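Thanks for coming, everyone. I'd like to walk you through one chain today, so let me put it on the screen.

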Amino acid sequence: MKKFIVTDIQYDTDGEKPKPKLPKELEIIVPDDCEGYDEIEQFISDEISNKTGYCHFGFAIEPQIPE
């Protein structure tokens, strides 16, 4: 499993102010069977929505996903 810290999440809230506040940072654990940049990025993207209930426009990841 690989652990990534997701920051700078740009949520798509349609102008609403969600309660409780949406997290600015999430820890996402990616299973080992996710390989390659695109697959890992898609998994993280889906997990952001699964954990918060909101879609997003983008995010930053630490450490960087290896290419």
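Let's start at K19, which counts as exposed, at 80% relative accessibility. This is a predicted model, by the way, so please hear every value as computed from that prediction. K19 lies in the loop between β1 and β2, and the peptide bond that leads from K19 to P20 is cis, with omega near -5°. P20 is found in the loop between β1 and β2 as well.

Where is the other cis bond I want to show you? It runs from E62 to P63, with omega near -10°. P63 has its place in the segment after β3, the strand that covers 55-62. At 48% relative accessibility, P63 counts as partly exposed. Leaving out residues up to four places away in sequence, P63 touches K3 and F4.

How far apart are the C-alpha atoms of P63 and P20? They are separated by 27 Å, with their positions 43 residues apart along the chain. A related pair is K19 and I65: 46 residues apart in sequence, and 31 Å apart in space, C-alpha to C-alpha.

While we are on backbone geometry, here is the background for anyone checking torsions. Most residues other than glycine have a negative phi, and most peptide bonds are trans.

Against that, have a look at two aspartates. D8 has a positive phi of about 50° although it is not a glycine. D8 sits in strand β1 and is exposed, with a relative accessible area of 52%. The cut-off for exposed is over 50%, so D8 falls on the exposed side of it. D14 also departs from the usual sign, with a positive phi of about 55°, and D14 is not a glycine either. D14 lies in the loop between β1 and β2, and at 70% relative accessibility D14 counts as exposed.

Now, is T13 buried or exposed? At 16% relative accessibility, T13 counts as buried, since the limit for buried is under 20%. T13 is found in the loop between β1 and β2. Setting aside neighbours within four places in sequence, T13 is in contact with P18, L22 and Y54.

Let me zoom out to the fold. The chain has one helix and three strands, and along the sequence they come in the pattern β-β-α-β. The radius of gyration is 12 Å, close to the 11 Å that the globule rule gives for 67 residues, so the chain is as compact as a globular protein of that length. The C-alpha trace spans about 35 × 15 × 15 Å along its principal axes.

What about the contacts over sequence distance? Counting contacts between residues at least 6 apart in sequence, 60% join residues at least 24 apart.

On to the interior. In soluble globular proteins, nonpolar side chains tend to be buried together. In this chain, 31% of the 67 residues count as buried. The largest nonpolar core has 14 residues, and those with the most contacts inside it are F4, V30, I40, I44 and I48. Which elements supply at least two residues of this core each? They are β1 (2-12), β2 (26-30) and α1 (37-52). The largest share, four residues, comes from β1.

If you would like one residue to click on, try I44. Not counting residues up to four places away in sequence, I44 touches F4, V6, I28, V30, F59, I61 and I65. Two of those names have come up already: F4 is also touched by P63, and I65 was the partner in the 31 Å pair with K19.

Last stop, the surface and the charges. The accessible surface of the chain comes to about 4,800 Å², and 48% of that belongs to carbon and sulfur atoms. How many charged side chains are there? The chain has 7 positive and 16 negative ones, and the centres of the two sets lie 14 Å apart.

To bring you back to where we began: K19 is exposed and leads into P20 through a cis bond, while E62 and P63 are joined by a cis bond too. That's my tour, so over to you for questions.

Note on methods: Residues numbered from 1 in each chain as written. Heavy atoms only, no water. Rg over C-alpha atoms; globule rule 2.2 N^0.38 Å. Buried < 20%, exposed > 50% of the residue type's maximum accessible area, 1.4 Å probe, protein only. Contact = heavy atoms within 4.5 Å. Areas by Shrake-Rupley, 256 points an atom, 1.4 Å probe, with all protein chains shown as cover. Lys, Arg positive; Asp, Glu negative; His and termini not counted. Charge placed at Lys NZ, Arg CZ, Asp CG, Glu CD. Core = buried A, V, L, I, M, F, W, Y, C linked by side-chain atoms within 4.5 Å.
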